[in-house]
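Reader: I should like to understand how the terms used for a protein model are justified. May I put some questions to you about the one shown here?

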Amino acid sequence: MIRIAILASGSGSNAEKIAEYFQNHKKIRVAAIVTNNPNAGVIDRAKRLEIPTKIIPNKDWTHPERVLDFFQNSKIDLIVLAGFLRLIPGFLVEAYPRHIVNIHPALLPAYGGKGMYGMNVHRAVCDNKETESGITIHLVNEEYDRGEILFQARCPVDQGDHPEEVQRKVQVLEHRYYPMVVEYLAGGTERLPHPEYEKDPLS
Ligand code: GRF
């Protein structure tokens, strides 16, 4: 079994989709959900899904023994970030080369970097009158949103779309593709999914 840990700081809708996708998988299991936020919505979702949760508080992320030991003792093979709002420490990147993946709610390299998360991203996309947005799934290194890009999918931003509408369109893509890209990275399938252009993701 390939064992995945999902790291999330917020609501955890992507974490839930990924966990559901692998519920009866022959080779891959979501073994833990890890959060830095004791109030994160993802904790309730993990309970419902019966997946063990580990809270590693912010003050502990600079201590290799409080972070690495957990992942290694839990025999984690792959780390999946799903709305995890901390920079991944170098010692973890080094321990998991090409085995930490993140999803970003825009078409990197545009709209990435520090401070570009959540609604900030979608507001910036609307302010700049972009005509499309989408998702980027990339490997994680020690800089925000700068690791190798594995997969992108696009959707239109229509004139007059509010940031909330863009967020909803992007979320459709996130939920559809992130589990499949994780499956590819975990060796459960040989091919990355082929992104369809979503003319109307909300329909
Ligand atoms: C998603 O938009 C993801 O792209 C970003 O953080 C958000 C997490 O949303 N990295 P959720 O907590 O999975 O609903």
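Reader: How far is an oxygen atom of the ligand from an N or O atom in the side chain of Glu174?

Author: In this predicted model, the distance is 2.4 Å. A polar contact requires a pair of N or O atoms within 3.5 Å, so the pair at Glu174 qualifies. A polar side-chain atom of Ser13 also lies 2.6 Å from an oxygen atom of the ligand.

Reader: What makes Gln171 one of the residues around the ligand?

Author: A residue is counted there if one of its heavy atoms lies within 4 Å of the ligand. Gln171 is listed among the residues around the ligand, and so are Ser13, Asn14 and Glu174.

Reader: Why are helix 1 and helix 6 called oblique to each other?

Author: Helix 1 (residues 13–21) and helix 6 (residues 163–185) pack at an angle of about 45°. Roughly parallel applies under 35 degrees and roughly perpendicular from 65 to 115, so the pair is oblique. Their axes are 9 Å apart, and helix 1 passes helix 6 in a right-handed crossing.

Reader: Which residues of helix 1 meet helix 6?

Author: They are Ser13, Asn14, Lys17, Ile18 and Tyr21; their partners in helix 6 include Gln171, Glu174 and His175. The residues of this contact divide into 6 nonpolar, 4 polar and 3 charged.

Reader: What is notable about phi of Lys75?

Author: Phi of Lys75 is near 55°, a positive value in a residue other than glycine. Most residues other than glycine have a negative phi. Lys75 lies in the loop between helix 3 (64–73) and strand 4 (78–81).

Note on methods
Residues are numbered from 1 along each chain as its sequence is written. This is a predicted model: local features need pLDDT of at least 70, side-chain atom pairs count only at pLDDT 80 or more; totals for chains, interfaces and linings use all residues. Side-chain values use heavy atoms; hydrogens and water are left out. Axes are lines fitted to C-alpha atoms, for helices over the stretch in contact, and angles run from 0 to 180 degrees between N-to-C directions. Helices (H or I, at least four residues) and strands (E, at least two) are DSSP runs, numbered from the N terminus. Angles under 35 degrees count as roughly parallel, over 145 as roughly antiparallel, 65 to 115 as roughly perpendicular and the rest as oblique. A crossing is left-handed if the near helix is turned anticlockwise from the far one by less than a right angle, and right-handed if clockwise. Contact means heavy atoms within 4.5 Å. Ala, Val, Leu, Ile, Met, Phe, Trp, Tyr, Cys and Pro count as nonpolar, Asp, Glu, Lys and Arg as charged, and the others, Gly among them, as polar. A polar contact is a pair of N or O atoms within 3.5 Å; within protein, one must be able to donate a hydrogen and the other to accept it, and residues adjacent in sequence count only if both atoms are side-chain atoms.
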